[in-house]
Amino acid sequence: MFARLNLCSHLPSRFRQVSVSPVSIRTFSQAKFSHPRSHGKSFAHRSDLKQAKRIVVKLGSAVVTRGDECGLALGRLASIVEQVAMLQNQGREMMIVTSGAVAFGKQRLRHEILLSQSVRQALHSGQNQLKEMAIPVLEARACAAAGQSGLMALYEAMFTQYSICTAQILVTNLDFHDEQKRRNLNSTLLELLRMNIVPIINTNDAVVPPPVPNSDMQGVISIKDNDSLAARLSVEMKVDLLIALSDVQGLYDSPPGTDDAKLIDIFYPGDQQSITYGNKSRVGIGGMEAKVKAALWALQGGSSVVIANGTDPKVTGHVITDIVEGKKVGTFFSEVKPAGPTVEQQTEMARHAGRTLASLLPEQRGEIICALADLLTEKKDEILSANKRDMEIATVSGRFSQALIDRLSLSTAKLNSLAIGLRQLAVSSRDSVGRVLRRTRIANNLELEQITVPIGVLLVIFESRPDCLPQVSALAIASGNALLLKGGKEASNTNRILHQLTQEALSIHGVTDAVQLVSTREEVEDLCRLDKIIDLIIPRGSSQLVRDIQRAAKGIPVLGHSEGVCHVYIDSEASIDKAVDIVRDSKCDYPAACNAMETLLIHRDLLRTAMFDQIIDMLRTEQVKIHAGPRFASYLTFSPSEVKSLRTEYGELECCIEVVDSMEEAVDHIHKYGSSHTDVIVTDNEETAAQFLQQVDSACVFWNSSSRFADGYRFGLGAEVGISTSRIHARGPVGLEGLLTTKWVLRGEGHTAADFSENGSMKYLHENIPVPQGSFS
């Protein structure tokens with residue numbers, strides 16, 4: 001065994017003069033990880049990986065080397081070093097098992113050979129014209145010997161940028177089989193970790209013999225490659241997490257690149273029989289089968305393992321930190337198999353049942369929705385009991401705002417209202433899937449139809465509001481869509497019983513699995529990456545939740561709004577009674593709703609009038625906290641607290657008041673500070689109202705009516721999945737129509753495009769055929 005310690009003597013003087021005390025390092029480390037995990041059992045869930053203290057990062061040959069296999073992928077390596085340094089500076093104990101010495105040495109020896117040959121040719125020929133030179137096959141052990149020092153020097157230079165020292169450890173199989181050498185290795189590594197040094201470990205390829213097939217000792221993995229080295233090291237050093245980076249996304253159930261290959265998110269011992277292995281990577285002596293064997297051995301020894309892609313430029317810059325943060329990256333090896341299906345399996349179940357749901361008669365889908373409405377009233381005591389438990393837990397925890405707790409609450413009145421809305425929806429669902437929107441005669445005996453069809457698989461992520469679950473479920477049923485639901489933990493008891501009732505209603509026509517509730521420990525960000533199996537994401541919750549989902553969704557459309565900054569503008573020609581009633585209802589009826597008024601715009605002529613005084617008195621009576629906009633504050637001697645931002649969604653009994661000079665200025669203010677949700681004008685001037693309704697670019701624009709009418713049930717849609725401020729697809733309250741897309745159906749009799757060419761026998765007619773109301777394909 002050979003160990004070389006880099007003492008950082010090449011650091012700039014400002015670093016060398018600073019004495020880094022191991023005690024201070026350990027103190028910082030304890031602050032981050034005050035409860036170290038007792039080794040012996042691997043982590044059961046990805047989210048637990050955040051607790052990993054001691055981590056081995058194994059870099060495969062394909063990760064470290066360039067595509068031509070001569071030299072190192074410097075940019076990729078620098079990115080990996082940055083992530084390792086970041087985790088080391090968090091107080092974790094990082095170790096690297098690296099390949100690359102052979103490739104580095106091959107580059108170096110090729111250069112030396114070419115240089116030598118060119119000099120000899122120049123001396124013998126006496127001319128500058130050089131013949132094509134053949135490079136001999138380079139022996140791997142010689143390349144390793146020539147490359148080790150250069151590889152280590154590169155690591156030293158890179159880690160120095162982060163004020164981190166490194167040490168090189170070269171090992172062979174004998175270092176693990178010899179008890180004394182094994183103890184020495186363990187002692188050396190522990191001392192390096194204690195001193196906050198990152199060990200760089202590699203097999204000593206300059207002297208190591210070729211691997212012997214089936215040479216594993218009883219219960220011990222033999223060091224044949226860096227995969228087995230990383231596994232053996234992880235167990236010996238009681239490592240919490242082994243991250244094995246390769247040139248594939250993780251472990252597939254069949255060779256990557258084949259048509260049906262699926263990435264395995266979590267791999268359990270005993271699943272080996274379900275996998276067909278492909279070829280090895282372009283470099284290295286391992287392969288996926290070797291990686292799986294090494295991973296399972298490390299897992300059995302108490303170390304968690306993740307196999308992931310370290311070569312993909314889209315993820316290389318954060319792959320290691322993402323894994324440690326518990327994100328769904330690569331394949332996670334776990335000994336704990338969940339009792340229920342994975343989220344991917346749930347999605348497949350929902351998609352399969354959803355296709356059957358879409359093929360049902362409209363009346364049958366309506367029957368399912370009516371059955372759910374009946375269950376909401378019949379089982380109201382059980383629902384309210386579960387909701388009471390959630391409310392008590394949320395209140396005691398102290399982690400939720402009053403607005404969130406209000407959204408969590410259910411009542412008999414809410415359940416009755418839900419049931420009425422669902423029955424409304426059951427009637428309208430008869431004109432949903434398969435409705436003909438357009439019919440065209442392309443030519444004789446060639447007719448085209450545009451018909452409505454389901455979108456596919458919907459993912460609805462919602463906070464608090466459990467009443468969202470039956471609403472969204474009913475809309476998915478009516479539109480023939482499969483549905484995946486992810487509710488907040490704060491409503492887990494209520495969501496569970498509501499989902500059970502939904503599946504009970506679905507069972508009457510044999511489509512129980514069409515609506516699935518995700519109860520596993522899936523992070524929202526991970527769900528947003530399932531672009532191969534989810535067709536549309538609909539977030540229901542805070543503006544922060546919606547923004548997070550919009551950022552996280554990769555390749556999946558997101559339907560929703562990030563904020564509900566709704567305005568009510570009181571015009572100079574407004575009726576006093578209308579103004580007071582509309583402002584009260586818009587702000588005070590349900591302050592936590594996204595359609596509640598957040599900013600009140602007052603025409604300047606109304607200041608110091610009886611109308612203005614009545615509005616202020618009413619808000620004070622309702623205990624609404626008022627924030628003054630900049631212009632409103634300038635008119636007052638003693639003003640309320642000035643607003644911090646005119647774009648604030650309060651969600652409570654608070655609002656901003658601002659002054660404008662005209663209707664046009666009110667429109668400009670709404671466009672600048674609003675969220676395109678719902679905006680209201682109160683005026684008796686029909687012309688002013690018409691201009692406001694035409695000019696305001698929001699999803700909902702109202703005249704002399706409360707902003708609280710921006711709701712699917714109040715619009716007669718029966719229910720809604722949310723309110724969209726998008727300018728494409730659906731906008732405003734999204735009901736049944738917003739969950740449908742279209743497809744084109746063409747019926748012919750052997751027609752070909754060639755028939756309509758210049759020399760063809762047919763001519764296009766393109767005649768629109770009238771479509772009677774309620775026509776179905």
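**Sheets and helix packing in a predicted model**

Modeller: Strands E14, E13, E12 and E15 form, in that order, an open sheet with parallel pairing. The model is a predicted one.

Biologist: What makes E14 and E15 the edges of this sheet?

Modeller: Each of them, E14 (515-517) and E15, has a single partner strand, so one side of each is left without a neighbour in the sheet. From one strand to the next, the twist averages 20°.

Biologist: How do you know that E13 and E14 pair?

Modeller: Two strands count as paired if at least two bridges are found between them. Strand E13 (residues 482-487) and E14 share three bridges, in the parallel sense, and therefore meet that requirement. Leu483 stands opposite Val515 in E14.

Biologist: Which helices pack on this sheet?

Modeller: H17 lies across E12, E13, E14 and E15, and runs at about 165° to E13. H20 touches E12 and E15, and its direction makes about 160° with that of E15.

Biologist: Which residues of H20 are buried, and what covers them?

Modeller: In H20 (residues 543-552), the buried residues are Ser543, Leu545, Val546, Ile549 and Ala552. Their cover includes strand E12 (457-462), helix H19 (524-527) and strand E15 (536-540).

Biologist: Is H13 roughly parallel or roughly antiparallel to H17, and why?

Modeller: Helix H13 (residues 362-378) packs against helix H17 (residues 468-479) at an angle of about 165°, the axes being 9 Å apart. Angles over 145 degrees count as roughly antiparallel, and H13 is therefore roughly antiparallel to H17. The crossing of H13 and H17 is right-handed.

Biologist: Which residues make the contact of H13 with H17, and how do they divide by character?

Modeller: H13 contributes Arg365, Ile368, Ile369, Leu372 and Leu376, while H17 contributes Pro470, Ala474, Ile477 and Ala478. Eight of these residues are nonpolar, none is polar and one is charged. Arg counts as charged, and Arg365 of H13 is among the contact residues.

Biologist: Why is Ser429 called buried or exposed, as the case may be?

Modeller: The limit for a buried residue is under 20% relative accessible area. Ser429 has 0% relative accessibility and therefore counts as buried. This serine is found in the loop between helix H16 (412-428) and strand E10 (436-443). Neighbours within four places in sequence aside, Ser429 is in contact with Pro362, Gly366, Ile369, Ala478 and Leu736.

Biologist: What is the order of the sheet that contains E10, and how do its strands pair?

Modeller: The order in that open sheet of four strands is E24-E11-E10-E25, and the pairing is antiparallel. Strand E24 (740-747) and strand E25 (767-768) are the edge strands, each pairing on one side only. E10 is joined to strand E11 (residues 446-454) by six bridges, and Arg438 has Gln450 in E11 as its bridge partner.

Biologist: How do you know that E6 is mostly covered?

Modeller: In strand E6 (residues 241-246), six of six residues are buried. Leu241, Ile243 and Leu245 lie on one side, and Leu242, Ala244 and Ser246 on the other, so by the under 20% criterion both faces are covered.

Biologist: Which strands pair with E6?

Modeller: Strand E2 (residues 54-59) runs parallel to E6 and is joined to it by five bridges, with Lys58 opposite Ala244. Strand E8 (residues 304-309) also pairs with E6 in the parallel sense, over six bridges. Val305 in E8 is the bridge partner of Leu242.

Definitions and conventions: Residues numbered from 1 in each chain as written. Predicted model: local features only at pLDDT ≥ 70, side-chain atom pairs only at ≥ 80, totals over all residues. Heavy atoms only, no water. Buried < 20%, exposed > 50% of the residue type's maximum accessible area, 1.4 Å probe, protein only. Helix = DSSP H or I, 4+ residues; strand = E, 2+ residues; numbered from the N terminus. Contact = heavy atoms within 4.5 Å. Axes fitted to C-alpha atoms, helices over the stretch in contact; angles between N-to-C directions. Parallel < 35°, antiparallel > 145°, perpendicular 65-115°, else oblique. Left-handed = near helix turned anticlockwise from the far one by under 90°.
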